[in-house]
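Reader: I should like to learn how to read the overall features of a protein model. Might we go through them one at a time?

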Amino acid sequence: MTDDRPLWTPSAETLLFSPMARLMAECGARAGTVFADADAFHAWSVGDRAAFWSAVWDSAGVIGEKGGVVLADEGEMIAARFFPEARLNFAENLLRRSGPADAIVFRGEDKAESRLSFDALRALVSRAQQAMRALGIAPGDRVAAMMPNLPETVALMLAATSLGAIWSSCSPDFGEKGVLDRFGQIEPKLFIACDGYWYNGKRQDVAAKVRAVASTLGVPALIVPYAGDAAALAGEIGGGVTIDDFVAPYAAGEIAYTRLPFSHPVYILFSSGTTGIPKCIVHSAGGTLLQHLKELRFHCGLVEDERLFYFTTCGWMMWNWLVSGLACGATLCLYDGSPFHPDGNVLFDYAAAEGFAVFGTSAKYIDAVRKAGLAPRETHDLSRLRLMTSTGSPLSPEGFSFVYEGIKPDVQLASISGGTDIVSCFVLGNPLKPVWRGEIQGPGLGLAVDVWNDEGVPVRGEKGELVCTRAFPSMPVMFWNDPDGAKYRAAYFERFPNVWCHGDFAEWTPHGGLVIHGRSDATLNPGGVRIGTAEIYNQVEQMDEVAEALCIGQDVEDDVRVVLFVRLKPGVALTPELEKAIRTRIRTGASPRHVPAKIVAVTDIPRTKSGKIVELAVREVVHGRPVKNREALANPEALELFAGLEALKL
């Protein structure tokens with residue numbers, strides 16, 4: 001699982017003076033102790049959560065009234081309340097900085113570039129807030145946006161949340177049904193959309209979709225210009241207005257922030273929806289802010305004036321995570337479009353030009369860069385890049401090696417994992433610990449993360465369920481339209497009473513790190529032995545002939561057989577020789593139990609809008625069962641490739 005030497009070790013300066021080191025020293029002073037190392041600090045942060053989260057509030061400089069109680073009703077996880085007496089405003093904390101420095105830098109492929117200073121951002125938020133207030137938007141109202149990752153999207157979110165409204169967004173590549181499956185449930189008071197967007201160098205028209213969604217929602221529509229004719233589109237919609245006309249009556253002034261309880265909702269995020277109508281997951285302003293500040297400020301070491309980048313759309317929780325970088329005084333670097341247009345260097349061109357300190361992306365992107373034969377360390381000035389983060393799916397050991405060999409040899413690489421459910425991470429990087437090949441560095445501070453077997457017993461050295469055994473601030477407030485909390489409880493607390501079961505198949509490493517082996521509901525059970533799909537992908541996707549793979553378990557009589565689907569490189573055929581090579585690679589790199597019973601070549605593999613492959617949807621198709629929500633997929637037509645395959649007939 002691991003190599004003898006770490007890929008990266010923290011410097012003496014980092015161990016003494018990084019934000020994480022300073023927080024550890026502050027907490028030690030408060031507790032009257034000196035923590036021996038990062039693991040000891042984590043143990044304390046879980047053992048005395050009230051003291052820990054209070055220290056995070058103070059050290060990160062949260063703006064608001066803290067109150068005298070940090071944690072109440074902690075006996076039952078779902079009933080626990082953090083900072084029950086506190087009052088704050090999410091936007092006020094993100095807009096704490098002013099001045100002429102860049103707040104946001106934007107690139108839309110090779111079609112658009114812009115910059116927005118902190119003063120200009122505050123001015124736009126002020127004007128948009130006044131316009132929203134004139135519409136009657138008040139605390140608890142929903143504002144829904146089908147938007148690209150534009151500076152205006154950030155500003156409009158801040159305007160909405162400054163009033164105490166709840167923000168919800170998706171990307172404009174969703175189909176009409178996919179948008180309505182989400183926003184139709186939450187009944188927004190304002191619908192925000194773009195007039196088009198760019199992808200892979202081509203203009204994508206969304207006018208008909210925007211008109212249809214606006215008509216169905218029946219609320220005012222705000223149109224933001226980007227890749228079309230905003231004025232014309234707004235004119236075609238009853239109650240439609242462009243953003244310029246929306247804010248035109250108002251002059252920029254001081255922003256009036258509505259301070260609300262810690263648990264007041266700030267975001268509604270949606271589950272992927274590949275197994276049914278998406279769940280509407282409601283997150284609190286205080287919990288989201290505090291968790292993001294902990295992760296960005298301390299785990300990522302983000303400080304004022306640094307450039308923070310994450311490749312994400314507005315339909316992925318990493319967008320919500322990214323924008324919280326403003327609360328650290330950092331500059332957000334936004335990108336919208338294909339990460340390979342006009343070629344695979346585009347994001348590294350951006351990183352070099354702007355001097356990213358933190359470069360966030362997906363494991364799939366890192367693998368794609370590797371397979372494209374790129375070597376950014378040789379072609380780009382990445383001298384200011386100190387942290388690279390990867391999420392979306394498990395990063396393979398080969399992916400770890402490539403980052404150090406092909407991108408930057410002295411960068412801290414943090415594989416991170418959490419999700420929409422907590423709008424943050426359970427496990428992530430830690431600047432005080434080494435980076436080991438193929439391992440996530442450790443659990444987040446204040447989170448009682450563990451790995452349990454099916455009997456609910458903590459395990460080391462074997463795979464099990466990723467759980468969190470104590471309450472934490474960024475647990476959802478609720479699910480929308482779930483008045484008795486039944487859906488919420490079923491989602492996380494049904495497996496183990498009063499313990500959050502996240503649905504990841506995980507394993508502790510000897511270094512105190514973790515490996516995620518895939519989603520629990522996608523694990524394979526041949527012969528009754530649980531196998532993580534990531535263990536198979538880590539082997540087969542390193543082969544030059546294979547572009548991408550997807551693995552499922554097919555029910556065969558009273559057992560399950562492993563079926564591996566491969567999308568091969570152009571010009572490559574699935575010959576008996578290649579099949580043998582794939583099986584040999586899996587047998588020697590993983591184990592004989594991982595070797596698939598069937599290997600089938602396909603021309604495409606279905607994935608969600610955020611790029612995650614959908615094993616469950618393919619499994620349903622193979623078994624002749626309906627896929628309930630194809631709208632959640634970026635390429636739903638790919639599912640047809642798996643229906644009625646002759647090779648899989650029993």
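Reader: Among contacts between residues at least 6 apart in sequence, what share joins residues at least 24 apart?

Author: A contact means heavy atoms within 4.5 Å. In the protein chain, 69% of the contacts between residues at least 6 apart in sequence join residues at least 24 apart. This is a predicted model, in which local features need pLDDT of at least 70 and side-chain atom pairs count only at pLDDT 80 or more, while totals for chains, interfaces and linings use all residues. Residues are numbered from 1 along each chain as its sequence is written, and side-chain values use heavy atoms, with hydrogens and water left out.

Reader: How many of the residues, as a percentage, are buried?

Author: Buried means under 20% relative accessible area, exposed over 50%, and partly exposed in between (1.4 Å probe, protein chains only). Of the 650 residues in the protein chain, 61% are buried. Cysteine 551 is one of the buried residues, at 0% relative accessibility, and cysteine 425 is another, with a relative accessible area of 2%.

Reader: How many disulfides does a search of the whole structure find?

Author: A disulfide is a covalent bond between the sulfur atoms of two cysteines. The criterion here is a pair of cysteine sulfur atoms within 2.5 Å, and a search of the whole structure finds zero.

Reader: Why does cysteine 425 form no bond with cysteine 300?

Author: The closest cysteine sulfur to that of cysteine 425 belongs to cysteine 300, and because the two are 7.6 Å apart, they are too far for a bond.
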